[in-house]
Structure formats: C-alpha cells, structure tokens
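Dear colleague,

Please find below the structure that I am handing over to you. My findings follow after it.

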Amino acid sequence: MSQNLKDLRQQRWRHRLNFYAFIASLLGEGDVYPPTEFAHPVSKDQVVKAWKGTADAINKGQAPKQLGIFIFVPFCRTKCLFCPYFSFALSSGKQLDIYTRSIIDEMNFFQGVFNHTEFNTVWFGGGTPSILEKDHLTRIFSTLYDLFPFTRDLQITFECSCSSTDYYKLKLLHQLGVNRITLGIQSLNDRVLKVNNRLYQNRKESMNLINDARKAGIEIVNIDLMCGLPGDNLRSFLKGLKEIMALEPDMIHINPFFPSDETHFDQIGREYSEKDMKRRSREANLGTEILLKAGYKRADGAFLGFCRREGVCNQQEIDRVKYTSSYLSFGPSAESHAFGQMDYTNAYFGKKWNKPVLPRYIGRELDVKEEMRKHIVSNLRKVIVRKDFKNLFGGDIVDNFKEEIEILNDFNLVHIDQEKIFFKIKTRQEQLILAKHFFKPAYLKGMATKFKVRFNKNKNYFKEITKLIDSSV
Ligand SMILES: C[S@@+](CC[C@H](N)C(=O)[O-])C[C@H]1O[C@@H](n2cnc3c(N)ncnc32)[C@H](O)[C@@H]1O
Ligand code: SF4
C-alpha cells in the first residue's frame with residue numbers, strides 16, 4: 001500500500017475514533033448496550049411475553065442458564081454530592097411501605113412464568129436497600145421465595161450503607177438468606193464525608209460493621225471505597241484504604257469518582273480540575289498496587305474490584321458479562337435483560353411515593369446479533385474464547401463481525417487466532433471509545449439527534465471524555 005493511501009486510512013480512522021469519543025462523551029460511563037436512548041414504551045403484557053420466551057429458551061438450552069433478580073431501592077438518608085444514581089432522601093417511613101407494596105405487585109406480574117426455571121442470583125442495589133425495615137424486608141423476601149424457584153447455590157447480594165445498618169439488621173438479612181453484603185463506606189475521613197454530604201456516617205461504626213457482618217453469619221463482605229473524591233487527598237485516601245485492609249474484608253472496590261452531569265457536584269457548577277483528575281489516577285493506581293501487593297486479586301466482572309479469595313465477587317455481575325445472562329429487575333430506574341427478547345427499563349423516576357406506583361416500561365427488542373454486540377461491548381477488555389462465543393450465540397465472532405475486526409486488525413488493535421480473540425485495550429477510556437465500533441450503525445447515526453447536539457469534526461472529543469472517564473486505569 002502506498003504511503004499516501006496509508007496516511008489517508010490513518011486519518012480516516014482517527015476521525016472515526018474522534019466520532020466514537022463524541023458518542024462516549026454523550027453516553028459517559030454508561031456502557032449499556034443497546035443504548036437506553038433508543039427505547040420505546042412497552043406494555044406489561046409485552047414484558048411478560050418476552051420473559052416467557054426467555055424462560056422457554058433457557059429450559060430448552062437455547063439461552064444462558066444463569067438467571068438473576070435485581071431489586072432497586074431508590075431511597076437514601078441524604079443525597080451524596082458525588083452520586084449520579086436515581087436516588088433521593090427518604091422523606092417518611094410511609095414511602096417505604098408504599099415502595100414495598102409496589103414492588104410486590106410488580107413481582108406478581110410474573111406469577112407462573114418461571115415455574116421450571118431457576119434463578120441463581122438476587123441483588124438488592126440502590127440507592128440504599130438497607131434503609132428498608134424488618135417488616136418490608138420480610139414481606140419482600142417471602143414474596144420472592146413464593147414466586148420464584150432458586151438454585152441451591154443461590155447468591156444474594158445486599159447493598160448496605162453504614163448509617164442504616166447494625167448487627168441486628170445484618171442478623172435479619174442473614175436469616176432471610178443474604179450471603180453477601182456490600183458496605184458503602186466511600187471514605188473514612190470525616191472532613192471528606194462532610195464535603196460530600198454524608199455527615200451521618202460515623203467512622204468507628206463503619207469499621208465495626210465489617211466484624212458485625214461476620215458475627216451475624218454473612219459469608220462475604222465487600223467494601224466500596226472511592227478515589228478522587230471532592231475534598232480528599234492522596235494521603236487520606238491511602239490511610240483509609242490501609243485501615244480497611246487491616247479488617248480483611250473479602251473484597252474491596254475502589255470506585256474512581258466520575259463527575260457526570262447527573263451528580264450534584266456537576267449540577268451546582270463545581271469544576272473537576274486537571275489536578276483533581278491527576279490525583280484520581282494516582283489514587284486508583286497506587287490503591288491497585290497496594291491491594292495487589294497484599295495478595296488481593298483483580299475481580300472478575302468488576303471494574304477496579306479486588307478479592308482476597310475465590311467465589312466472593314458479585315456473581316450476577318460476572319454472569320451478566322461472561323454469559324450475557326438474563327436478569328429480571330424490580331423498582332424504579334432498574335434495567336432488565338430477557339435474553340434474545342428484550343432489554344427494558346422501568347422509566348418511573350418519581351420521587352413522591354405517596355401512592356402505589358406502577359412500572360413504566362420502555363424497551364428495545366433484541367435478536368441474536370444484538371446479543372452478540374452486547375457481549376462484545378462488555379467483554380472488550382477480556383479474552384473472548386471463540387468456542388464459548390459460538391456456544392452462546394450459535395455463530396463465530398469473526399464471521400459475524402468481519403469488517404469491524406479487519407479494521408481493528410489493520411491498526412494492530414486486536415489479536416485473533418483459531419481459539420481466541422482479544423482487543424488490545426489498556427484503559428477504561430479506550431474501552432468505552434472502542435465499544436462504539438461494535439454498536440449497530442443506526443444507533444451511532446441517531447445518537448446526535450437523540451442528544452440534540454452536533455458532531456463537530458474539528459473538536460477533540462478525547463479531551464472532553466478525560467474529565468468523565470479516567471484515562472489511566
Ligand atoms: C449505587 S451506589 C450505592 C451505595 C450506598 N448507597 C452507599 O452507602 O453509598 C454504589 C457505589 O457506587 C459508587 N459511586 C457512587 N457515585 C459514584 C460516582 N460518581 N463515580 C463512581 N462511583 C460512584 C460508590 O462507591 C457506591 O458505593
Ligand atoms: S452514594 Fe449511596 S447513599 Fe449516597 S446518594 Fe448515592 S446511593 Fe444514596
């Protein structure tokens with residue numbers, strides 16, 4: 001190939017990557033595929049029908065057998081400065097009663113659908129699930145056990161905040177079947193907690209909870225910490241990490257703060273400076289180094305998650321990535337995936353909860369090719385075994401994505417042999433940019449219209465996303 005032609009191809013590829021960076025700057029951290037922006041309203045009956053199709057396919061061995069339930073609880077004690085999730089401060093105990101009733105009603109939509117199909121994971125996420133009281137928890141769990149069959153090795157993960165959890169609640173959770181908790185500590189520095197509107201969190205109580213969980217019989221304890229937080233510094237971050245490590249939790253996540261436009265931090269006009277970004281990278285890198293040196297291993301399926309032993313990761317997160325498995329979700333803002341049928345979201349974003357709430361489903365249909373895209377997008381930093389891919393989807397990855405893979409091969413971004421394929425990607429930022437290479441072209445074309453912005457080919461979008469997504473990890 002002549003030099004001129006090579007230069008032209010290189011230039012075209014750079015332009016294309018800049019376009020992918022533009023899309024990544026719109027979608028930010030969210031690497032949900034297919035993108036939620038293209039969803040349309042779907043009825044409860046369509047959702048139930050989709051699940052009947054998926055359950056049938058699982059029973060016939062035509063869809064991954066891993067199957068999860070996800071329950072989203074939107075309430076929190078206060079709203080943290082750094083939090084981008086759909087979560088808000090609880091205003092009265094009555095809201096929890098109404099929430100519980102609404103969730104149970106929603107679970108009842110699926111009566112009989114899963115009679116012969118077992119779930120292997122349940123995950124309570126939020127928001128703050130531990131804000132629920134004994135009565136709510138007992139009712140939700142007894143409905144779950146009445147309506148859905150579970151495997152013998154069922155993993156139930158429950159996210160707890162320090163202020164709403166004590167030994168007695170942990171004991172109750174254990175009795176109800178919870179065998180893995182995630183404790184959101186984020187920081188052990190009182191000043192950082194204050195800056196981030198987590199004044200209620202008490203450092204000593206937070207640390208004691210790790211032992212309380214063990215005493216209560218919870219098998220697996222995961223701790224969430226954050227790096228790059230507003231008001232923090234490298235010394236205080238490392239001190240906190242070491243204090244937590246001394247308590248030997250089974251797993252530690254270091255979540256780098258992403259100042260997306262859904263956070264209060266961004267909404268009140270705070271700027272995340274170059275200096276902050278450098279500190280975030282340094283904290284993430286040093287934290288990783290310290291954990292690996294101490295014998296923690298990188299966790300499967302989790303970004304910057306580290307575990308001390310096998311089998312302590314969130315199994316549902318692993319299943320979602322490794323098998324593109326199905327999960328049935330309940331609660332506002334929750335996403336569900338019915339393999340081969342539909343991805344849908346409960347797009348109810350109300351905050352009042354003063355009367356029973358019906359889910360407002362929006363979805364996008366899925367076929368096998370879309371499942372393949374979904375799988376590649378979430379496995380870009382992993383080795384994909386071609387035989388496993390074929391077993392999951394009935395077709396070879398290279399045959400199905402010939403053009404996409406050839407381009408990456410030209411630029412030395414992929415390794416392919418008879419058995420496996422892996423993409424030469426080093427950072428999360430590269431992952432989120434290159435993921436767009438596997439999006440359905442119609443989604444890429446339509447994105448600017450959805451967000452009502454134009455792609456400006458003279459603008460450097462790589463700079464734009466560095467603020468949102470750390471470039472070093
Ligand atoms: C959905 S939150 C639930 C946490 C729990 N409610 C608590 O007490 O903090 C799950 C995790 O997301 C992480 N997180 C929250 N905001 C984040 C942000 N802006 N960037 C990166 N990670 C974030 C935190 O580490 C948190 O533990
Ligand atoms: S980080 Fe946790 S406690 Fe804070 S607002 Fe988000 S979900 Fe609620």
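A residue is called buried if 20 or more other C-beta atoms lie within 10 Å of its own, exposed if 12 or fewer do, and partly exposed in between. Please bear in mind that this is a predicted model.

Unusual backbone angles

Most residues other than glycine have a negative phi, and most peptide bonds are trans. Two residues and two peptide bonds are listed here against that background.

Trp353 is not a glycine, yet its phi is positive, at about 50 degrees. This residue sits in the loop that runs between strand S14 (342-346) and strand S15 (361-365). Because 22 other C-beta atoms lie within 10 Å, Trp353 counts as buried.

Glu248, a residue other than glycine, also has a positive phi, with a value near 55 degrees. Its place is the loop between helix H8 (234-246) and strand S9 (251-256). Glu248 has 13 C-beta neighbours inside 10 Å, and therefore counts as partly exposed.

Of the cis peptide bonds, one joins Tyr33 and Pro34, with omega at about -5 degrees. Pro34 belongs to the loop between helix H1 (3-27) and strand S1 (40-41). Another cis bond leads from Gly126 to Gly127, and its omega is near 25 degrees. Gly127 is in the loop between strand S5 (119-126) and helix H4 (134-147).

The surroundings of ligand 2

Both glycines of that second cis bond, Gly126 and Gly127, are also among the residues that surround ligand 2. The others in this shell are Cys76, Lys79, Cys80, Cys83, Tyr85, Ser87, Thr128, Ser161 and Gly184. By class, the shell around ligand 2 holds six polar residues, four nonpolar ones and one charged one.

Packing of two helices

Helix H4, which follows the loop of Gly127, packs with helix H3 (residues 93-108) at an angle of about 0 degrees, and the two axes are 10 Å apart. H3 is therefore roughly parallel to H4. On the H3 side, the contact is made by Leu96, Thr100, Ile103, Ile104 and Met107. From H4, these meet His136, Arg139, Ile140, Thr143 and Leu147. The contact between H3 and H4 comprises six nonpolar residues, three polar and one charged.

With kind regards

How values were computed
Residues are numbered from 1 along each chain as its sequence is written. Chains are lettered from A and ligands numbered from 1 in the order in which they are written. This is a predicted model: local features need pLDDT of at least 70, side-chain atom pairs count only at pLDDT 80 or more; totals for chains, interfaces and linings use all residues. A residue is near a molecule or strand if its C-beta atom, placed from the backbone, lies within 6 Å of it. Ala, Val, Leu, Ile, Met, Phe, Trp, Tyr, Cys and Pro count as nonpolar, Asp, Glu, Lys and Arg as charged, and the others, Gly among them, as polar. Helices (H or I, at least four residues) and strands (E, at least two) are DSSP runs, numbered from the N terminus. Axes are lines fitted to C-alpha atoms, for helices over the stretch in contact, and angles run from 0 to 180 degrees between N-to-C directions. Angles under 35 degrees count as roughly parallel, over 145 as roughly antiparallel, 65 to 115 as roughly perpendicular and the rest as oblique. Two residues are in contact if their C-beta atoms, placed from the backbone, lie within 7 Å.
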